[in-house]
Amino acid sequence: MMKIGFFDSGIGGLTVLGHALKILPFADYTYYADIEHLPYGEKTKKEVKQYVQKGMDYMAKIKVDAVVIACNTATSVTVGELRKNYSFPIIGMEPAVKPAVAYCKERGKKVLVLATSLTLREEKFHQLIHRLDAIEMVDTMALGGLVKFAEVFKFDTSDVYQYLQKKFTPLAIPDYGAVVLGCTHFPLFSKVLQHSFTKETVFFDGSVGTTNHLADILKQKGIAPSVDDKIKFVITNGKLPPNDVDYKKILQTYLHNI
């Protein structure tokens with residue numbers, strides 16, 4: 001039986017789980033949502049490390065074959081240390097800056113990376129930009145407010161539009177050929193975000209690359225698929241019954257749109 005763990009601070013990781021269900025439909029999934037401590041983007045590195053370790057201890061207890069840290073912030077802060085401390089493979093998220101930069105270099109355009117403030121402050125992110133020699137063409141913006149909207153299931157409301165309009169007003173929108181969704185919550189706002197940019201703007205997120213990497217690792221380990229798919233939700237504030245229903249509904253809606 002193929003047992004895969006997904007970890008996020010809330011519902012954002014459902015966007016990554018959705019892609020995993022497309023390429024690995026026959027697996028036993030456990031989705032761990034640490035909503036007691038969200039949003040991670042406003043926490044200290046020490047706090048995030050503690051929260052994620054608790055989740056990984058749970059994954060070790062239920063004996064998963066692999067874990068996806070379906071959270072850019074948690075990945076940037078913890079993934080290196082986690083891989084040293086746990087025996088199962090741990091796959092993290094990375095903002096899809098590399099393909100976005102390649103796309104925009106050919107077109108003389110700039111890249112806008114949207115993420116949480118903690119992700120954007122991390123050395124791991126700055127090293128990525130330096131490696132790509134893209135300092136002059138990459139702009140960044142923290143949109144932690146979208147995480148808060150997502151966790152109360154507001155995706156297409158006037159509040160969201162007003163928030164984005166205020167954030168994006170100072171930008172020269174036509175300058176951007178690509179927008180990187182550097183938080184797993186953000187693809188839940190794809191339609192709203194697309195309204196804020198030109199029709200030619202291309203959106204990138206790291207979910208497909210992460211889930212393809214997961215599939216490759218499981219194949220290398222020779223882990224056989226399950227006979228069917230099963231998803232268990234573990235939610236840290238104890239409100240499993242209502243949130244279980246909400247999470248399944250959001251997941252099904254997202255699956256329909258990708």
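The questions and replies below concern the domains, the two largest pockets and one threonine of a predicted model.

Me: What makes up the two domains of the chain, and how many residues of each are in contact with the other?

Reply: The chain is divided into domain 1, which covers 3-92 + 207-256, and domain 2, which covers 97-206. The centres of the two domains, taken over C-alpha atoms, are separated by 23 Å, and 34 residues of domain 1 are in contact with 20 residues of domain 2.

Me: Why is the largest pocket said to lie between domain 1 and domain 2?

Reply: Domain 1 and domain 2 both give residues to the lining of this pocket, so the largest pocket lies between them. The pocket has a volume of about 580 Å³, and of the 22 residues that line it, Pro-187, Leu-188, Phe-189, Tyr-254 and Asn-257 are the closest to its centre.

Me: Which elements each supply at least two residues of the lining of the largest pocket, and which one gives the most?

Reply: At least two residues each come from α9 (190-194), β8 (202-205) and α11 (240-257), and the element that gives the most is α11, with six residues. Sorted by class, the lining holds twelve nonpolar, five polar and five charged residues.

Me: How do you know which domains the lining of the second largest pocket draws on?

Reply: The lining of the second largest pocket draws at least three residues from each of domain 1 and domain 2. This pocket has a volume of about 200 Å³ and is lined by 13 residues, among which Glu-94, Ala-96, Gly-206, Gly-209 and Thr-210 lie nearest its centre. The elements that give two or more residues to this lining are α4 (97-105) and α10 (207-220), while by class the lining has five nonpolar, five polar and three charged residues.

Me: Why is Thr-116 called buried or exposed?

Reply: A residue counts as buried when its relative accessible area is under 20%, and because Thr-116 has 5% relative accessibility, Thr-116 counts as buried. Thr-116 lies in the loop between β5 (110-115) and α5 (117-121), and, leaving aside neighbours within four places in sequence, Thr-116 is in contact with Gly-41, Thr-73, Ala-142, Val-147 and Cys-183.

Me: What makes the link between the side chains of Thr-116 and Thr-119 a polar contact?

Reply: A polar contact needs a pair of N or O atoms within 3.5 Å, one able to donate a hydrogen and the other to accept it. The contact that joins the side chains of Thr-116 and Thr-119 is 3.1 Å, so the distance meets the cut-off of 3.5 Å.

How values were computed:
Residues numbered from 1 in each chain as written. Predicted model: local features only at pLDDT ≥ 70, side-chain atom pairs only at ≥ 80, totals over all residues. Heavy atoms only, no water. 1 Å grid on protein atoms, 1.4 Å probe; cavity = no way out; pocket = protein on both sides within 12 Å on 5 of 7 lines; lining within 4 Å. Points joined across faces, edges and corners; volume = space filled by probe spheres on them. Helix = DSSP H or I, 4+ residues; strand = E, 2+ residues; numbered from the N terminus. Nonpolar A, V, L, I, M, F, W, Y, C, P; charged D, E, K, R; others polar. Domains from an automatic or database assignment. Buried < 20%, exposed > 50% of the residue type's maximum accessible area, 1.4 Å probe, protein only. Contact = heavy atoms within 4.5 Å.
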